[in-house]
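Here is a short set of questions and answers for someone meeting this structure for the first time.

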Amino acid sequence: MVYNDQIIGEGYHQKYGEAHAEPKCIGHVVENGHGDLISRSTLYVSLEPCVHFGKTPPCADLIIRNKIPKVVVGCRDPFKEVDGKGIEKLKNAGIEVEFGILEKECKELNKRFLGFHTLHRPYIILKWAQTLNCKMAGQGSDRLFITNEFTNRIAHKWRSEEASVLIGTNTALMDDPGLTTRLWTGNSPVRLVIDMDLKLPPHLKIFDGQVRTIVFNKLKHEESDDLLFYQVTEDVSLVHQIINALYQLKILSVIVEGGAKLLQSFIDENLWDEARVITNEELIVNAGLDSPQFISASKMGEEKIFTDKVEFFKSN
């Protein structure tokens, strides 16, 4: 919220089911002691204010009730309950609405939400680490540590930014990852694991109860506490079943950290949005597991973190 070219309050939607950005911002203005300026200020929002009762009341009604004279909207909300209705309601209440300011940037900021409601699936990020000669693992059962400690922290930061993280059976069994954000401040994502025959032992870290965990399997569908066994079938694409399940469960994004086979299956199905590939430029193994191969991808950029090169790709 801005008054006389000065920001007097800010807010963002911190968690699903909690207050949206608009009430957070207005509350911040009041906390700052500027409540008397609200009716003379301009509200800037990246996404069109909602008009429906969901987990929270309509933000458009809140704006009207607070007599905010002008609202600048970055992009429309494609959700069918909104989709232009928020802008229309504000205008009908006599509020000046400016639309499409920094629209491209606002769409990028809200790409997980927008994609969820237009593509009806979560935002999908592929992530893997490889040696200089494109190997994800060596021979045998010993785990190959590829990335350095600084890149490991960045990978945990990435987890904190997404709603869920997915691995396959072999990764769970051989690496026993916790899939948390223990190296970074932030919420741990929902843990997703494929275990078609339910053979993974209960002592694995993913079953420690610290974070909600979903097990995709072909044997049962049941839930207890923070553990959900989600039943799938073998006669339909597993990738499509997982993505559909995440949509039904309202999980807006997933970062796939599984092995080469799982990652390649997403690539082959052309079901991914971006990929982050970490290459240790000082590590070569003579034999091992080959990294996935893109079918069609565009490189967005790269950065160097000591021994590691991190490359960013988007799906074409």
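Q: Which residue forms a salt bridge with Glu311, the closest N and O atoms being 3.9 Å apart?
A: In this predicted model, a salt bridge requires a side-chain nitrogen of Lys or Arg within 4 Å of a carboxyl oxygen of Asp or Glu. The closest N and O atoms of the pair are 3.9 Å apart, and both Glu311 and its partner are buried. That partner is Lys309.

Q: Which residue in the loop between strand 14 and strand 15 meets Lys309 in a salt bridge?
A: Lys309 belongs to strand 17 (residues 308-315), and the pair ties together parts that are 28 residues apart in sequence. The N to O distance is 3.9 Å, and the partner is partly exposed, with a relative accessible area of 30%. Lys309 is also part of a network of salt bridges that includes Lys299, Glu302, Lys304 and Glu311. The residue in the loop is Glu281.

Q: How many residues apart are Asp197 and Lys218?
A: These two residues form a salt bridge, with the closest N and O atoms 3.1 Å apart. Asp197 lies in the loop between strand 9 and strand 10, whereas Lys218 lies in the loop between strand 10 and strand 11. Asp197 is partly exposed at 35% relative accessible area, and Lys218 is partly exposed at 28%. The pair links distant parts of the chain, 21 residues apart.

Q: Which residue with a positive phi follows helix 9?
A: Helix 9 covers residues 260-268, and its buried residues include Leu262, Leu263 and Phe266. The residue that follows has a phi near 55°, and this residue is Asn270.

How values were computed. Residues are numbered from 1 along each chain as its sequence is written. This is a predicted model: local features need pLDDT of at least 70, side-chain atom pairs count only at pLDDT 80 or more; totals for chains, interfaces and linings use all residues. Side-chain values use heavy atoms; hydrogens and water are left out. Buried means under 20% relative accessible area, exposed over 50%, partly exposed in between (1.4 Å probe, protein chains only). Helices (H or I, at least four residues) and strands (E, at least two) are DSSP runs, numbered from the N terminus.
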